[in-house]
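Biologist: Can you take me through this one? I'd like to start with the charged side chains and then go inside.

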Amino acid sequence: MVSPFLYFPGERLSLAELTAACLDGLLAPIGEGFMPADAVETAWMRARSLAPLVGDRWAAVRVSAAWVHGGIDAEPLRHHVQRAAAERLRPLRELSVIAHDVRIPTDDLVTIAGVRVSSPARTLVDLARSPDAVDLDVARSWAHAAPDALAEARAWLARHPRYPYGRRAGDVLGAVATE
C-alpha cells in the first residue's frame, strides 16, 4: 500500500533518491522508510514505517512498541519483533532487528496502521521485567509520564500472576507508583 506520507525504497523512488531528498532537507528517515520533514510524527506514522520489517507474521514489541506508542521519543537503533503467527518462522536476518521467537498472544496485540504492535500494558511490563538498563530506564520514564499506562500495566500483571519475571516488573512499576 502506497502512503502519501511515507516513502519506502522501491515504491515510488529509489533508495538513492530518498537519501538525496534527506540531504536536501525534504525528507527524514523513520523506521524502514522516509517521511516529509515537516510532517508530524504520529503513532500511525511510526507503526506504518515498520510495516516492511514486521510484515504479517511479526509484531513490534519492547522498545519498538514503546516508540510507536509514544513512550519514548527517539527511534531505537535496533527494533524488537516477536512472532505473532501460530507457526514458527525463519528468523529475520537483519542486523537492525532482534527477533523473539516466542509467540505473543493476540490479546496482547493492537493493530495500528495495519501493523501489529504489543499493547501499551504488555509493552510496559516487558520493559519493566527486562534485565537491560536501557529498557528499565524507558519503563520508568514512560510509567512516570503516563500514569494511565502504569495502571494498565499493573492490572495486566495482576491478571497474569505467573508471567516470567513478573515480580521484577511489579517491583519496578511499584517503585514508580510510590514516587
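Modeller: Fine. Keep in mind that this is a predicted model. Glutamate 87 is partly exposed, with a relative accessible area of 38%.

Biologist: What does the side chain of glutamate 87 meet in a salt bridge?

Modeller: The side chain of arginine 57, at 3.2 Å from N to O. Arginine 57 sits in the loop between helix 3 (51-54) and strand 3 (58-61), and glutamate 87 in the loop between strand 4 (79-83) and strand 5 (97-100), so the salt bridge ties together parts that are 30 residues apart in sequence.

Biologist: And arginine 57, buried or exposed?

Modeller: Partly exposed, with a relative accessible area of 38%.

Biologist: How many salt bridges does the structure hold?

Modeller: It holds 8. One of them joins aspartate 108 to arginine 122, with the closest N and O atoms 2.7 Å apart. That pair links distant parts of the chain, 14 residues apart: aspartate 108 is in the loop between strand 5 and strand 6 (109-112), and arginine 122 is in helix 5 (residues 120-128).

Biologist: Are those two buried or exposed?

Modeller: Aspartate 108 and arginine 122 are both buried.

Biologist: Which residues are linked with them in a network of salt bridges?

Modeller: Asp126 and Arg129 are linked with Asp108 and Arg122 in that network.

Biologist: What about aspartate 137, what does that one bridge to?

Modeller: Arginine 140, with the closest N and O atoms 3.8 Å apart. The two are 3 residues apart in helix 6 (residues 133-145), so about one helical turn separates them. Aspartate 137 counts as partly exposed at 48% relative accessibility, and arginine 140 also counts as partly exposed, at 35%.

Biologist: Now the inside. Which residues touch the most other members of the largest nonpolar core?

Modeller: Leu124, Val125 and Leu173, in a core of 46 residues.

Biologist: What is leucine 173 in contact with, leaving aside neighbours within four places in sequence?

Modeller: Leu124 and Val125 are among its contacts. The others are Ala128, Ala143, Leu150, Ala153, Arg154 and Leu157.

Biologist: Back to strand 3. Which way do its residues point?

Modeller: Trp58 and Ala60 point one way, while Ala59 and Val61 point the other way. All of these are buried.

Biologist: In what sense does strand 3 pair with strand 4, and over how many bridges?

Modeller: The pairing is antiparallel, over 4 bridges.

Biologist: And what stands opposite tryptophan 58?

Modeller: Arginine 83, in strand 4.

Terms used:
Residues are numbered from 1 along each chain as its sequence is written. This is a predicted model: local features need pLDDT of at least 70, side-chain atom pairs count only at pLDDT 80 or more; totals for chains, interfaces and linings use all residues. Side-chain values use heavy atoms; hydrogens and water are left out. A salt bridge is a side-chain nitrogen of Lys or Arg within 4 Å of a carboxyl oxygen of Asp or Glu. Buried means under 20% relative accessible area, exposed over 50%, partly exposed in between (1.4 Å probe, protein chains only). A nonpolar core is a set of buried Ala, Val, Leu, Ile, Met, Phe, Trp, Tyr and Cys residues joined through side-chain atoms within 4.5 Å. Contact means heavy atoms within 4.5 Å. Two strands pair if DSSP finds at least two bridges between them.
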